[in-house]
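User: I'd like to learn how to read a predicted structure one feature at a time. Could you give me the general idea first and then the case in front of us?

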Amino acid sequence: MHFMKLESLASMAEMELRRLRHDPFEILTRAVQPILWIFVFGSVMARIRAFPSVGDYVTFITPGVILQSSTFISLAYGIALIFERESGILKKLLTSPIPRSYIVVGRALAGSIRASTQYVIVLASAAIIGARISSNPLNLITGYLVLILACMGFTGLSILIASSLKTRERFMGIIGAITMPLFFASNALYPIEVMPDVIKYFSLANPLTYTVSAMRKLLVSNSYDILQETLILSCFTVLALGVAIKSLKRIIE
Amino acid sequence: MRAIEVRDLVKVYGREVRALDGVSLDVEEGSVHALLGPNGAGKTTLIRVVTTQLRPNGGVARVFGYDVTRDSSMVRELIGYVPQEMSLWSDLSGYENMLIYSKIYGIPRDSRDKKIEELLDFMGLSDSSRRLVRTYSGGMIRRLEIAIALMHNPRLLILDEPTIGLDPRARSLVWDKISEFRKENGVTVFFATHYMDEADKYANYVTLLNQGRVVTHGAPSELKRLVEGNRVLITFKEHADNSKLSKIISSVPGVTIHSFNNDHVELVVDDVPTKLPTILEKIFANGYLVSEVKVREATLDEVFIKLTGRKITEEAGRIKEVVSVRKMIRRGG
């Protein structure tokens, strides 16, 4: 029975992949912004050499842009639950025999898979304009897994916000308000050393910083010194999912 | 064994709204039990408590003996449920919806495909199973949802307004499929509706609900007796012999004479389709000629009006609801 319940968890990810196959439109439109960050912002900033300590700038921001694009998708994923709350899908899921925790973890996995499509798109764009990204398959796969871990946390956060706010308007408002600060107060576009103190502290509490850092080590410096980042990210993801599971019941009340 | 047993159930939303105000009811195993009442009567709230979505503020609800709050996971194994709103992913095909739900419900891999194929075929959806649900009609959506609810062989099927917003043909097709499945599998059906004709026709037991309370309950024919049953008015070609005719008509069981004036008689008949031919045969056999027969069947609506002073179906409310449900289906999962 428990073995079969694991399959029910995986089926949520399968559902997401099937939806993507029928309609890849969101993935394509979501890719426009990161491509512009790489091609326009990246190449312009590289010319003025604003941050000499970071080496090739496009290479430096590639992990940051991957995360920008995929965290935005993860954080927006909760809207799907709000739609499913208005339709009968959530009612149906909550009355099915699978544990409620599986619904949250399954959907978080689904959301992170949707978000992780950006990994391929951004890496390919960066490679086209000559970013020096590791071509070691092991590094690329580990980088992908770190991304999935982080995106599950951000999707969990999004499910939590969706369960608490319940309406599309309020949800979109909050998501709009937190995504950009999360991106700018991180090491995605510039090294932490150049930040003013207040933003520096904020960026150290920002899970995005640790994801970008781990990804940068794997994809740029070819280093596996990512234990600290992985532990912090795991704590973030477990915490976000835990609170989201607790809050899920509220969504249909 | 009772499929559902509800005692003194109370559910309060916020502080003020008593959606359920001490509801008690029993659903016998094997029966088709309708929960009939106007919008806002508490039907959906009761269903959501029984399906383990909401915790009641008081009272108990049990499904096959399992408490809906304490043993909720057991209850979820035993029920198949179709919510009032659409519960499908409209951007997946009919087959894919069944596949994903079959995995969520843990249907064993070796029997999954056969089960899906069987149910799609049974519901007449085989040909459209590869199309996106977005392109389905309202009736197809409902039939697919019922197929999904039946996949894990539940002992109790719970339907919340199963035919809301459907045209009469689609409604009767949905019910034909439910009845056909019941004949084969004997599943207990508990459904909420505000269509009194549907409760009358398809349920063998009805609970009338109003403002969070049970108004009355019983078999449809029993309830209709509360409003003096079905009336049949027979007019004779010529002035008839009252006492002789009275005797002839009264000899048919289940028929009572309400009034007799000169050339017409008003009868109360418990089952018009089977009793009326007998009555007419007896009248003809005794040489009387009939010029006109009028039948007015009692409705559950009349029962409801008599007991509560309000109608079950308020047209304005219904149309608004239908429009919003349609909008929801269009907007999709």
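**A helix and its buried residues**

Analyst: Happily! In H13(A), the buried residues are Glu229(A), Leu233(A), Phe236(A), Thr237(A), Ala240(A), Leu241(A), Ala244(A), Ile245(A), Leu248(A) and Ile251(A). Buried means that 20 or more other C-beta atoms lie within 10 Å of a residue's own, exposed means 12 or fewer, and partly exposed is in between, with C-beta atoms placed from the backbone. Helices (H or I, at least four residues) and strands (E, at least two) are DSSP runs, numbered from the N terminus. This is a predicted model, in which local features need pLDDT of at least 70 and side-chain atom pairs count only at pLDDT 80 or more, while totals for chains, interfaces and linings use all residues. Residues are numbered from 1 along each chain as its sequence is written, while chains are lettered from A and ligands numbered from 1 in the order in which they are written.

User: How should I think about spacing along a helix, and what do the buried residues of H13(A) pack against?

Analyst: An α-helix has 3.6 residues a turn, so residues three or four places apart point the same way. Here, the buried residues of H13(A) pack against five helices of chain A, namely H5 (78-86), H6 (89-94), H7 (100-115), H9 (137-165) and H12 (207-219). Contact means that the C-beta atoms of two residues, placed from the backbone, lie within 7 Å.

User: What span should H13(A) have, and where does it bend?

Analyst: The expected span of a helix is 1.5 Å times one less than its number of residues. For the 25 residues of H13(A), residues 227-251, that gives 36 Å, and the end C-alpha atoms are 35 Å apart, which agrees. H13(A) also bends by about 30° at Ile245(A); the bend at a residue is the angle between axes fitted to the seven residues ending there and the seven starting there.

User: And a pair of helices? At what angle do the axes of H9(A) and H12(A) cross?

Analyst: Two packed helices are described by the angle between their axes and the distance between the axes. The axes of H9(A) and H12(A) cross at roughly 175° and come within 9 Å. That makes H9(A) roughly antiparallel to H12(A). Axes are lines fitted to C-alpha atoms, for helices over the stretch in contact, and angles run from 0 to 180 degrees between N-to-C directions. Angles under 35 degrees count as roughly parallel, over 145 as roughly antiparallel, 65 to 115 as roughly perpendicular and the rest as oblique.

User: Which residues make that contact?

Analyst: From H9(A) come Asn139(A), Thr142(A), Gly143(A), Val146(A), Ala150(A) and Gly153(A), and from H12(A) come Pro207(A), Thr211(A), Ala214(A), Met215(A), Leu218(A) and Leu219(A). By class there are 7 nonpolar, 5 polar and no charged residues. Ala, Val, Leu, Ile, Met, Phe, Trp, Tyr, Cys and Pro count as nonpolar, Asp, Glu, Lys and Arg as charged, and the others, Gly among them, as polar.

User: Now the two chains. How many residues does each bring to the contact?

Analyst: Chain A and chain B bring 26 residues each. On the chain A side, helix H1 (2-22), H5 and H6 each supply at least two residues. H1(A) gives the most, with 10 residues. The side of chain A that touches chain B has 8 nonpolar, 7 polar and 11 charged residues.

User: What can I say about chain B overall?

Analyst: Chain B comes to 12 helices and 14 strands. Its C-alpha trace spans about 75 × 50 × 40 Å along its principal axes, and 42% of its 333 residues count as buried.

User: Is H3(B) mostly covered or mostly open?

Analyst: H3(B) is mostly covered, with 11 of its 11 residues buried. Gly106(B), which follows H3(B), has a positive phi near 70°.

User: Which residue that is not a glycine has a positive phi of about 45°?

Analyst: Phe64(B) is one of them. Phe64(B) sits in the loop between strands S4 (58-63) and S5 (66-67) of chain B, and it is partly exposed, with 19 other C-beta atoms within 10 Å. Gln211(B) also has a positive phi of about 45° without being a glycine. Gln211(B) lies in the loop between strands S9 (205-210) and S10 (213-218) of chain B, and it is partly exposed, with 16 other C-beta atoms within 10 Å.

User: Last one: how far apart are Ala76(A) and Ile175(A) in sequence and in space?

Analyst: They are 99 residues apart in sequence and 6.8 Å apart in space, C-alpha to C-alpha. Ala76(A) belongs to helix H4 (residues 57-76) of chain A and is buried, with 22 other C-beta atoms within 10 Å. Leaving out residues up to four places away in sequence, Ala76(A) touches Ser158(A) and Ile175(A).
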